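Biologist: Shall we go through this model together? I would like to start with the polar contacts and work outwards.

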Amino acid sequence: MGNVVVVGAQWGDEGKGKIVDWLCERADIVVRFQGGHNAGHTLVIDGQSYKLSLLPSGVVRPGKLAIIGNGVVLDPYALIAEIKRLQAQGVSVSAERLRIAENTPLILSLHRDLDKAREGANVRQRIGTTGRGIGPAYEDKIGRRAIRLADLADPQHLDDKIDRLLTHHNALRRGLGEAQITRDSIKKELLDIAPDVLPFMDVVWRLLEEARRAGKRILFEGAQGTMLDIDHGTYPYVTSSTTMAANAASGSGMGPSGLDYVLGITKAYTTRVGEGPFPTELFDQLGEEMGQRGREFGTVTGRKRRCGWFDAVMVRQAVRTGGITGLALTKLDILDTFDEIKLCIAYDIDGKRFDYLPASQSAQARAKPIYETIAGWRDRSEGARSWARLPAQAIKYVKRIEELVDCPVALLSTSPEREDTILVQDPFLGR
């Protein structure tokens, strides 16, 4: 038995929710290790849809322990709102089933204010944030002025922490023409929510070590995707956290030796939400067809996703930088109607061929895809649960992706339904 890390291998929205839920039956514990409530996904279980933004996917499965690790930035009000939405759908979310690391940084109203003010003022180069305060909260974590969950249990020392935080934020607000914030308003915000969130607090690193020693299977759930990573993504059009599998260790307190298999999720085509380079983006009817068939709208924001052909260069880079062991290929069925399908095998940048995406922002913007074209299958792959049910040309497409990205496909998803999944290699068993 091993522990599995699930990460996105593109720009997020790869279908991680379904794959994580599929793996949840084999896991005992599911851990979120980075991001915030800016990344959402939809689970479909017995015809019922559950929309999650912050809570680990395992929370909707009875008998599973869900954990929010210290690598997450936590909006306590968003957390309680999400718990109440799930409870209204009949899901029990108790302190016995959900634990949150005591050293998790909190997102406050001032983080949301700053996020929106900056994006509104930065008209020349918008990043495309969700405006939920994720980036500013990570800045305060790195700046050593964050309010963390454990601080809510120590209210007599909050004043000094809040003053330190406001010294920074009120200076920024003055520069942006925003009203100043008082200590009392932030303290009230924290103390009002404290009784609701403190019952979930725990020493997560110790809990995970005890679970590992007991032979429990642990599933680490990442948010966003590799190409949104703060270091290895399309900077500056990235998220504010490390989205790579390596962060499952530091973002939870589980040592790297406890991570056994990295499953990278990738669509059979490519999508992106928000601003930033996208070499294979389609601006024609084919792109519209992908978006319509794939229902490509963000779970959290409702924003329309940009669509394009599969970028093998980008996914190969994600495999190598992220230490991905196997891929879960999702939404293969969306390509059922296409006569021809293209695969990006390299980039042309100013007449020079590149087999990787350079770090330079301007070079990324100038990257043009070099395509390989294969015949489509014009047949039904939707709902297939075995290789025998797949059209021969669809199998050829999957095998070509494996060759181009130099990584095997471990799971193949052919519809949003959990059961419509072909298992090639069990990540928990490594075979």
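**Contacts, cores and domains**

Modeller: Happy to! As a starting point, the side chains of R305 and D13 make a polar contact at 3.4 Å. Please keep in mind that this is a predicted model.

Biologist: Is R305 buried or exposed?

Modeller: R305 sits in the loop between α9 (285–294) and β11 (306–308). Its relative accessibility is 9%. Buried means under 20%, so R305 counts as buried.

Biologist: Thanks! For which feature does UniProt list R305?

Modeller: The record is an unreviewed entry, and annotations of this kind may be inferred rather than shown by experiment. It lists T299, V300, T301, G302, R303, K304 and R305. Of these residues, K304 and R305 are included in the lining of the largest cavity. The feature name given in UniProt for the listed residues is "binding site".

Biologist: Now to K267. Which side chain joins that of K267 in a polar contact of 2.9 Å?

Modeller: K267 has its place in strand β9 (residues 261–267), and with 1% relative accessibility it counts as buried. Its side chain reaches the backbone oxygen of D13 at 2.8 Å. Leaving aside neighbours within four places in sequence, the contacts of K267 include Q10, D13, E296 and R305. The 2.9 Å polar contact joins its side chain to that of T271.

Biologist: Lovely. Which helix gives the largest share of the largest nonpolar core?

Modeller: That core has 53 residues, and those with the most contacts inside it are L208, F220, L332, L335 and Y397. The largest share is six residues, and they come from helix α12 (residues 392–405).

Biologist: From which domains does this core draw at least three residues each?

Modeller: The domain assignment gives domain 1 (4–102 + 202–261), domain 2 (109–197) and domain 3 (266–423). The core draws at least three residues from each of domain 1 and domain 3.

Biologist: And how many residues are in the other core, apart from this one?

Modeller: Let me begin with L208, which touches I29, V31, I67, I218, F220, S252 and M254, not counting residues up to four places away in sequence. Apart from the core of L208 lies another one, with I68, V72, I80 and L86 among its members. This other core has 37 residues.

Biologist: Last one: how many residues does the contact between domain 1 and domain 3 take from domain 3?

Modeller: The C-alpha centres of domain 1 and domain 3 lie 24 Å apart. Domain 1 gives 36 residues to the contact. From domain 3, the contact takes 40 residues.

Definitions and conventions
Residues numbered from 1 in each chain as written. Predicted model: local features only at pLDDT ≥ 70, side-chain atom pairs only at ≥ 80, totals over all residues. Heavy atoms only, no water. Core = buried A, V, L, I, M, F, W, Y, C linked by side-chain atoms within 4.5 Å. Buried < 20%, exposed > 50% of the residue type's maximum accessible area, 1.4 Å probe, protein only. Helix = DSSP H or I, 4+ residues; strand = E, 2+ residues; numbered from the N terminus. Domains from an automatic or database assignment. Contact = heavy atoms within 4.5 Å. Polar contact = N/O pair within 3.5 Å; in protein donor to acceptor, adjacent residues only side chain to side chain. 1 Å grid on protein atoms, 1.4 Å probe; cavity = no way out; pocket = protein on both sides within 12 Å on 5 of 7 lines; lining within 4 Å.
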